[in-house]
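Work through the exercises below with the sequence and the model side by side. Each task is followed by a solution that goes step by step.

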Amino acid sequence: MTAYPALLALAVLGVSAAVSGLALLGVRRVRPSAVLMVFAGLAIISGAVLEATRGGYAPRLTFIIGGALLAPLALTAYPALTWRHPVDFVSLVVIGGSGVLAVVWAESDAAVTTMLLVIGCALIAHTWWKIERAPDRDRWALKWMALAGSLVVITMFISPFLQPGPVGEVIAYLAMSTVAPALYVGVRRPEVVDVRGLMVRFVVFVTAVVGYVALFMTVESLVEILGGRVPPPGTLAIIGAVAATTFHPLQVVLRAVVDVLLFGARPDPLGAATQVVGHIGDDPVLALRAIREALVLPYCALRLDGKTVAESGAAVTHTRTLPLALGPDRHGELAVGLRPGDLTLPPGDSHVLSLVAPLLAQTLRARALADELRESRGQAITAIEEERRRLRRDLHDGLGARLSGIAFTSDALRNTLRTDPTGAEDLLRTLRQETVTALEDIRGLVYAMRPPALDELGLVTALRQQALALRTPNGTPLRVDLRADRLQALPAAVEVAAYRIVVEALTNVARHSTSTNATVSLTLCEEALEIEITDDGSTGTPWQPGVGIASMRERAAELRGTLSAECTPRGGRVHAVLPIPP
């Protein structure tokens with residue numbers, strides 16, 4: 001009669017298999033394995049119920065059907081049932097046949113145990129073979145199954161040593177109950193955790209535990225042989241403490257051994273950093289390739305504002321990111337893929353990446369500045385072409401037509417000069433008027449390109465002269481307080497933009513504000529000219545951006561500057577910052 005705790009653990013095992021199998025029925029390729037899992041779980045649950053209520057031979061037979069026939073076949077068919085390859089076919093025959101023999105010889109403990117050993121060895125060999133040749137999707141699922149199977153094998157090995165009685169059985173059954181959920185995770189969510197890393201750490205930990213126990217028992221046996229009696233508890237405690245000092249070093253050594261077996265020797269951090277720094281230049285792809293080769297990484301990528309701008313290698317599921325300092329307006333990061341088996345970046349790799357991250361950030365900044373320069377040059381070329389088109393149109397439609405009229409008037413004057421002196425005199429007056437108008441058109445074109453007053457008087461004096469001509473709608477002069485202390489010579493583009501912005505702002509004050517006073521402040525900073533125009537009046541309504549404000553903003557934007565125009569409780573305010581190139 002099986003103890004009730006063990007029966008309860010068996011029921012948990014059956015429920016785990018049945019529920020996980022039902023959850024996997026929706027996946028077509030796993031459906032054969034899922035159906036077998038459901039029936040295996042139901043068989044184990046039925047056996048537990050029969051053992052608790054009736055006892056006898058029926059529960060034993062039911063357990064063997066579920067645990068020795070249906071469950072192994074479910075694992076063999078996972079994650080997809082294949083039988084055409086000779087290895088698959090032989091494995092199905094061996095595992096299925098052994099399960100059938102275990103059912104037929106259910107009354108013989110020796111026969112059932114033998115068949116279970118055959119099934120276990122065949123499952124391990126077949127799973128190993130499938131992992132070696134399966135596609136990536138199936139390989140992930142098989143690794144989850146192998147991880148749970150390894151836990152079961154280790155638990156069944158050590159559970160008899162924990163405590164006599166049903167405790168070992170309960171622990172073994174509970175360990176088995178993790179297999180079915182692992183199968184579900186391997187199909188539905190295989191990438192939720194890096195199972196390769198878990199397997200490496202699990203193998204290292206179990207091996208270290210076995211080594212610790214072996215060392216403890218060896219020393220304890222030697223002490224018992226030399227002393228002729230079982231060591232007292234104090235001696236055992238000392239032996240355990242001494243043996244425990246080897247546990248962590250043993251893990252480190254084993255992890256390094258497994259690491260080298262899987263990935264090869266890791267590079268020296270200083271040497272890797274030197275190698276990477278020597279390859280970082282203007283091309284980030286070459287820099288990423290150097291990082292991958294130096295640190296043996298599967299994947300590297302540079303991201304700018306959430307978008308990948310350069311990458312090297314094949315993308316992997318698990319990555320780690322390092323921020324790159326690109327300034328307050330941009331966010332950059334370096335993403336590196338973890339090696340198979342790694343859950344985090346080793347300290348040496350993190351140190352190397354922390355050394356090269358500033359250089360990569362500099363590369364990104366250089367690329368961004370180059371892109372901005374190309375964009376700026378494109379905008380400048382476009383603006384030049386637009387200005388040429390405007391000049392061509394103005395010259396052709398305005399000045400060209402007027403000069404043509406002057407030429408025709410000159411021809412008429414020559415024809416009538418001797419025959420009609422009075423008419424010739426009228427034509428001369430017309431000719432002079434057309435010439436004066438043409439000169440005014442030329443001045444307008446010149447003024448549109450650059451106000452002559454800037455070259456004749458300078459920025460400050462030209463602004464003062466322009467301010468003297470401003471009047472409010474009722475004819476009152478606009479009083480302007482112009483403050484421009486220590487204003488040095490400015491680049492031509494900045495000077496023209498400042499003049500246009502100030503004149504437009506003062507014109508808006510005169511036309512739309514209730515104020516008759518305005519203040520203009522021009523402050524030259526280290527890298528920019530700061531302009532502020534204020535008045536103490538009000539428009540009476542909130543400001544609506546019009547042609548004037550849009551024109552001021554465009555002039556500031558052409559120099560990559562900023563401009564804000566707003567109505568404050570103390571009056572209107574226009575503030576502009578125009579960068580000055582070095």
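The exercises that follow deal with one helix, with cysteines and with salt bridges.

This is a predicted model, in which local features need pLDDT of at least 70 and side-chain atom pairs count only at pLDDT 80 or more, while totals for chains, interfaces and linings use all residues. Residues are numbered from 1 along each chain as its sequence is written, and side-chain values use heavy atoms, with hydrogens and water left out.

**Exercise 1. Describe helix α2, its span and its buried residues.**

Step 1: Helices are DSSP runs of H or I with at least four residues, and strands are runs of E with at least two, both numbered from the N terminus. Helix α2 covers residues 31-53, which is 23 residues.

Step 2: From first C-alpha to last, α2 reaches 33 Å, close to the expected 33 Å, where the expected span is 1.5 Å times one less than the number of residues.

Step 3: Buried means under 20% relative accessible area, exposed over 50%, and partly exposed in between, with a 1.4 Å probe and protein chains only. The buried residues of α2 include S33, M37, I44 and E51, and among the elements that cover the buried residues are α1 (4-24), α3 (57-76) and α8 (179-188).

Step 4: Just after α2, G55 takes a positive phi of about 75°.

**Exercise 2. Find how many disulfides the structure holds, and classify C300 and C567 by accessibility.**

Step 1: A disulfide is a pair of cysteine sulfur atoms within 2.5 Å, and the structure holds zero of them.

Step 2: C300 counts as buried because its relative accessibility is 0%, whereas C567, at 36%, counts as partly exposed.

**Exercise 3. Locate the partners of the salt bridges formed by R29, R303 and E566.**

Step 1: A salt bridge is a side-chain nitrogen of Lys or Arg within 4 Å of a carboxyl oxygen of Asp or Glu; the structure holds six.

Step 2: R29 meets D138 at 2.6 Å, N to O. This pair links distant parts of the chain, 109 residues apart, with R29 in the loop between α1 and α2 and D138 in helix α6 (residues 136-162). D138 counts as buried because its relative accessibility is 12%.

Step 3: R303 pairs with E333, their closest N and O atoms being 3.4 Å apart. R303 lies in strand β1 (residues 299-304) and E333 in strand β4 (residues 332-337), 30 residues apart.

Step 4: E566 pairs with R573, with 3.6 Å between the closest N and O atoms. Salt bridges that share partners join E532, E566 and R573 into one network.

Methods: Contact means heavy atoms within 4.5 Å.
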